[in-house]
Amino acid sequence: MTEFRLDQWTKLYAPRVSQMKPSEIREMLAVAARPDIISFAGGLPDTRVFPVHQIVESTQRVMLREGPEALQYGSSEGYEALKRQIVGMMAEGGVKIGVDDLIITDGAQQALELLGKIFIGKGDTILVEAPSYLGALQAFAGYEPNVVGIPMDDDGLKVDLLEDKLKELSRQGIQPKFLYVIPNFQNPAGFTMSADRRLKVLELADKYGFLVIEDDPYGKLRFDGEAKVLLRAVDENVVYLGTFSKIFAPGMRLGWVIAPKAILEKLINAKQAANLCTSSFSQRITEEYMNSFDWRHNVDVLIDLYRDRRDAMFDALEEYFPEGSSWSRPNGGLFIWATLPDGLDSGEMLAEAIREAKVAYVPGRGFFASEGGKSNMRLNFSYCPPEVIDEGIKRLGGVIKHQLVLYKSLMRGYTPEKK
Ligand SMILES: Cc1ncc(COP(=O)(O)O)c(C=O)c1O
């Protein structure tokens with residue numbers, strides 16, 4: 001058999017493959033899985049909170065009652081009874097829909113991929129928050145868009161800068177396809193978009209004719225404060241993505257998309273080509289679980305657990321991170337976004353953090369489609385217990401202080417007096 005060399009394969013790839021970069025998160029998770037590492041890198045729920053016994057019971061009931069159906073292909077739109085559960089859950093958030101207004105997907109991640117497929121042509125402009133969810137940037141990148149990042153602050157997307165950008169694009173004759181936002185406890189920054197800004201986004205979408213994609217995996221994980229209005233609750237044109245990953249179990253791989261009917265039809269076509277249907281087995285077990293057990297109580301348990309861990313991380317950051325550092329103050333979700341003192345590079349620092357301090361995080365750089373994130377890091381607080389968070393942040397603080405000493409001595413070395 002002829003031996004192929006790597007460059008021979010490379011020549012065969014489609015041009016879009018050049019956009020597909022290895023995921024920093026994937027590499028991090030491989031490192032984080034080592035038992036000697038304290039990991040703030042992933043976005044994982046704590047495995048101890050999974051309702052394993054309830055899932056065993058749900059599985060048994062489904063198998064005994066409707067085993068053959070659960071093991072068969074299902075409809076591409078999703079299992080009707082599970083869709084009804086979602087309709088009820090969305091109504092609590094002020095989103096009034098029927099079962100035909102949504103489809104089930106393999107996690108929200110598949111919805112991102114399918115939306116990329118039906119909306120993005122090569123070179124099309126899309127708008128994202130800067131920083132944004134790495135998995136979304138990756139899903140969209142495969143379709144070769146021109147990605148425009150709009151900066152954020154504590155109140156979420158800076159809508160004034162969005163408006164400036166839209167005016168500029170309009171002058172150039174460019175029509176952006178969509179704006180992708182994570183308004184609640186954003187990944188990676190932990191920011192929540194203010195109610196005013198939500199309304200402004202919708203006003204701008206209407207004026208400039210782009211679609212709004214609202215990705216909301218963390219909305220139910222609110223630790224304090226009042227819930228903000230969902231964009232989809234105000235405007236039926238918004239495409240809303242939900243998931244069971246953070247409120248139940250990511251291993252089920254179940255999410256959903258609410259969209260105008262015409263868009264849903266295209267998404268179903270795209271989904272049929274991608275995987276025919278989402279697992280009938282997962283959908284039926286999840287439906288049984290929601291129907292038979294107090295899943296809201298389980299979410300409340302998660303909220304209490306994660307609130308404690310967030311507070312432990314706030315306390316540790318206050319105690320161990322050096323002056324000049326800052327961090328976001330999320331009211332929910334899984335992540336804190338930290339900013340290092342001037343001059344430090346979170347990407348360069350990672351090797352020392354893992355090697356010397358045995359602690360991992362995700363450097364900020366990967367969350368930006370273009371420039372940004374050099375001095376930032378995403379810290380996950382849901383996975384480790386409070387005492388481990390304290391130890392990990394202490395070690396990380398030590399690494400930052402060490403890097404700061406090196407940086408300052410390097411800068412002194414370059415002062416004109418010493419030359
Ligand atoms: C903002 C955001 N969207 C989508 C996803 C994907 O979630 P799922 O497990 O539902 O595919 C994640 C996962 O972390 C996320 O943070």
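1. A good place to start is the ligand in this predicted model: one of its oxygen atoms sits 2.5 Å from an N or O atom in the side chain of tyrosine 218. Two further side chains reach ligand oxygen atoms with polar atoms: arginine 253 at 2.8 Å and lysine 246 at 3.0 Å. The protein buries 92% of the 400 Å² that the ligand exposes when taken alone.

2. Looking around the ligand, you will find 14 residues, and the closest are Ala108, Asp215, Tyr218, Thr243 and Ser245. Helix H5 (residues 107–119) supplies the largest share of this shell, with three residues.

3. Now step back to the sheet. Eight strands make up an open sheet with mixed pairing, in the order S2-S9-S8-S7-S6-S3-S4-S5. S2 and S5 (156–157) are the edge strands, each with a single partner, so one side of each has no neighbour in the sheet.

4. Strand S2 (residues 102–105) is worth a closer look: Leu102 and Ile104 point one way, Ile103 and Thr105 point the other way, and all are buried. S2 runs antiparallel to strand S9 (residues 255–258), joined by four bridges; isoleucine 104 has tryptophan 256 of S9 as its bridge partner.

5. For a parallel pair, turn to strand S6 (residues 178–181) and strand S7 (residues 211–215), which are linked by four bridges. Here tyrosine 180 is partnered with isoleucine 213 in S7.

6. Finally, follow helix H10 (residues 261–275), which packs on the sheet and touches S2, S7, S8 (239–243) and S9. The direction of H10 makes about 25° with that of S2.

Terms used:
Residues are numbered from 1 along each chain as its sequence is written. This is a predicted model: local features need pLDDT of at least 70, side-chain atom pairs count only at pLDDT 80 or more; totals for chains, interfaces and linings use all residues. Side-chain values use heavy atoms; hydrogens and water are left out. Buried means under 20% relative accessible area, exposed over 50%, partly exposed in between (1.4 Å probe, protein chains only). Helices (H or I, at least four residues) and strands (E, at least two) are DSSP runs, numbered from the N terminus. Two strands pair if DSSP finds at least two bridges between them. Contact means heavy atoms within 4.5 Å. Axes are lines fitted to C-alpha atoms, for helices over the stretch in contact, and angles run from 0 to 180 degrees between N-to-C directions. A residue is near a molecule or strand if one of its heavy atoms lies within 4 Å of it. A polar contact is a pair of N or O atoms within 3.5 Å; within protein, one must be able to donate a hydrogen and the other to accept it, and residues adjacent in sequence count only if both atoms are side-chain atoms. Accessible areas come from the Shrake-Rupley method with a 1.4 Å probe; for residues, only the protein chains shown count as cover.
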